[in-house]
Amino acid sequence: MQPLITPVITPSDSIVELKGVDLTREGNRVLEKVSFRVHRGDWVGIIGPNGAGKTTLLRVILGMIRPEGGSVSLFDTPIREFRRWHQVAYLPQKVTNFDPKFPVTVEEVVAMGRVPRLSLWKRMSRADWDAVERALDFTSVADLRRRQMGTLSGGQQQRVFIARALAAEPELLMLDEPTASVDTGATLEFYGLLRRLNQEMGITILHVSHDVSAVMDYCNALCCLNRVCYYGRDPKAMLESGEFAQVLSEVYGEHARFVVHRH
Ligand SMILES: Nc1ncnc2c1ncn2[C@@H]1O[C@H](COP(=O)(O)OP(=O)(O)OP(=O)(O)O)[C@@H](O)[C@H]1O
Ligand SMILES: [Mg+2]
């Protein structure tokens, strides 16, 4: 299969770098001295309780919110100078709450993924449609292409949104609780899809999730966030060393209990 990604030669493999990021919203400190570096090909799980600052963190990385302290770089470029937004795809939280009456087909939704790559007023080229086709195939939604979005199940809609993100041929994929509204079977299928994106296509993933167990199984780096961030590059080693239990109780509170099971 033809790869979706055109390899880009970069001087370093630093995809996201935060240094000492501080953010206050309406008088409350939401992020405090958050620092970590995400390398090309990483799959980073971001966990933490409700209100911990996970969605805010993603929005800071996307340049939608400017922190009052510290620095953020994307692809080795300070965020204020970063222009190559087509390299970054973002699936916001609750994206599957799609208005069932909105008349748009699966193919049209996926084609929207090409918009960041089109110059102003330019029409979709053959190459654009080829990218749409590959994204539909990769996520197994090609058979649904003529269906109205509103007629699909939550899990099918979620695959279409991933297809839309892939159509943009991103190098960094940011997902905010993507499995919140899908059943266990669809969740496993979804993690399998993400694994292929990460391993076969080399897409770097930042993945906010409340599913701590799945994060432990699939991710190679972990950001435990509750205003402050505990970042580790080997979640399994963290678990085995007992360090993780310590971090979880600091992040979630000492009464939290987690059962980590293998998928
Ligand atoms: N626009 C805003 N104005 C003021 N405060 C905000 C704003 N957005 C978020 N916050 C606050 O920032 C904190 C972090 O919110 P955030 O949405 O990042 O949490 P989260 O970790 O994504 O939570 P959840 O797991 O519930 O999605 C919360 O206390 C929230 O109320
Ligand atoms: Mg959130």
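**Exercise 1. The buried residues of α1**

Task: State which residues of α1 are buried, and explain how they are placed around the axis.

Solution. In this predicted model, the buried residues of α1 are Lys54, Leu57, Leu58, Val60 and Ile61. They lie on the same side of α1, because the arc that they cover around the axis is only 160 degrees. A general point supports this step: an α-helix has 3.6 residues a turn, so residues three or four places apart point the same way.

**Exercise 2. The residue that follows α1**

Task: Describe Gly63 by its backbone angle, its place in the chain, its exposure and its contacts.

Solution.
1. Backbone: Gly63 follows α1 and has a positive phi, near 75 degrees.
2. Place: the loop between α1 and β4 (69–74) holds Gly63.
3. Exposure: 14 other C-beta atoms lie within 10 Å of Gly63. A residue is buried at 20 or more such atoms and exposed at 12 or fewer, so Gly63 is partly exposed.
4. Contacts: when neighbours within four places in sequence are left aside, Gly63 is in contact with Ile79 and Phe82.
5. Distance: the C-alpha atoms of Gly63 and Ile79 are 6.4 Å apart, although the two residues are 16 residues apart in sequence.

**Exercise 3. The shell around ligand 1**

Task: Identify the residues around ligand 1, sort them by class, and name the element that gives the most to the shell.

Solution.
1. The residues around ligand 1 are Arg25, Glu26, Val30, Gly48, Asn50, Gly51, Ala52, Gly53, Lys54, Thr55, Thr56 and Gln93.
2. By class, two residues of this shell are nonpolar, seven are polar and three are charged. Gly counts as polar in this classification.
3. Helix α1 (residues 54–61) gives the most to the shell, with three residues.
4. Lys54 thus appears twice in these exercises: Lys54 is one of the residues around ligand 1, and Lys54 is among the buried residues of α1.

**Exercise 4. An open sheet and its hairpin**

Task: Give the order of the strands in the four-stranded open sheet, then examine how β1 pairs with β2 and with β4.

Solution.
1. The order of the four strands is β2-β1-β4-β5, with antiparallel pairing.
2. At the edges are β2 (28–39) and β5 (77–78), each of which pairs on one side only.
3. Strand β1 (residues 14–25) pairs with β2 over eight bridges, in the antiparallel sense. Within this pairing, Ser14 has His39 in β2 as its bridge partner.
4. β1 also pairs with β4 in the antiparallel sense, over five bridges. Here Glu17 stands opposite Ser73 in β4.
5. Two residues separate β1 from β2 in a hairpin, and Glu26 in the turn has a positive phi of about 45 degrees. Glu26 is also one of the residues around ligand 1.

**Exercise 5. The two sides of α5**

Task: Compare the span of α5 with the expected value, and determine which residues are buried and which are exposed on the other side.

Solution.
1. Helix α5 (residues 184–200) has 17 residues, and its first and last C-alpha atoms are 24 Å apart, close to the 24 Å expected at 1.5 Å a residue.
2. Phe190, Tyr191, Leu194, Leu197 and Asn198 are buried in α5. Because they cover an arc of only 115 degrees around the axis, they are on the same side of α5.
3. Gly185, Gly192 and Gln199 are exposed on the other side of α5.
4. The elements against which the buried residues of α5 pack are β3 (43–47), α4 (154–167), β7 (172–176), β8 (204–208) and α6 (212–218).
5. Gly202 follows α5, with a positive phi near 70 degrees.

**Exercise 6. Positive phi outside glycine**

Task: Are Glu169 and Arg227 buried or partly exposed, and where does each lie?

Solution.
1. As background, most residues other than glycine have a negative phi.
2. Glu169 is not a glycine, yet its phi is positive, about 55 degrees. Glu169 is placed in the loop between α4 and β7. Glu169 is buried, because 22 other C-beta atoms lie within 10 Å.
3. Arg227 likewise has a positive phi, near 70 degrees. Arg227 is found in the loop between β9 (221–226) and β10 (228–232). Arg227 counts as partly exposed, because 18 C-beta neighbours lie inside 10 Å.

Note on methods. Residues numbered from 1 in each chain as written. Chains lettered and ligands numbered in written order. Predicted model: local features only at pLDDT ≥ 70, side-chain atom pairs only at ≥ 80, totals over all residues. Expected span 1.5 Å × (residues − 1). Arc of directions from axis to C-beta. Contact = placed C-beta atoms within 7 Å. Pairing = 2+ DSSP bridges. Near = placed C-beta within 6 Å.
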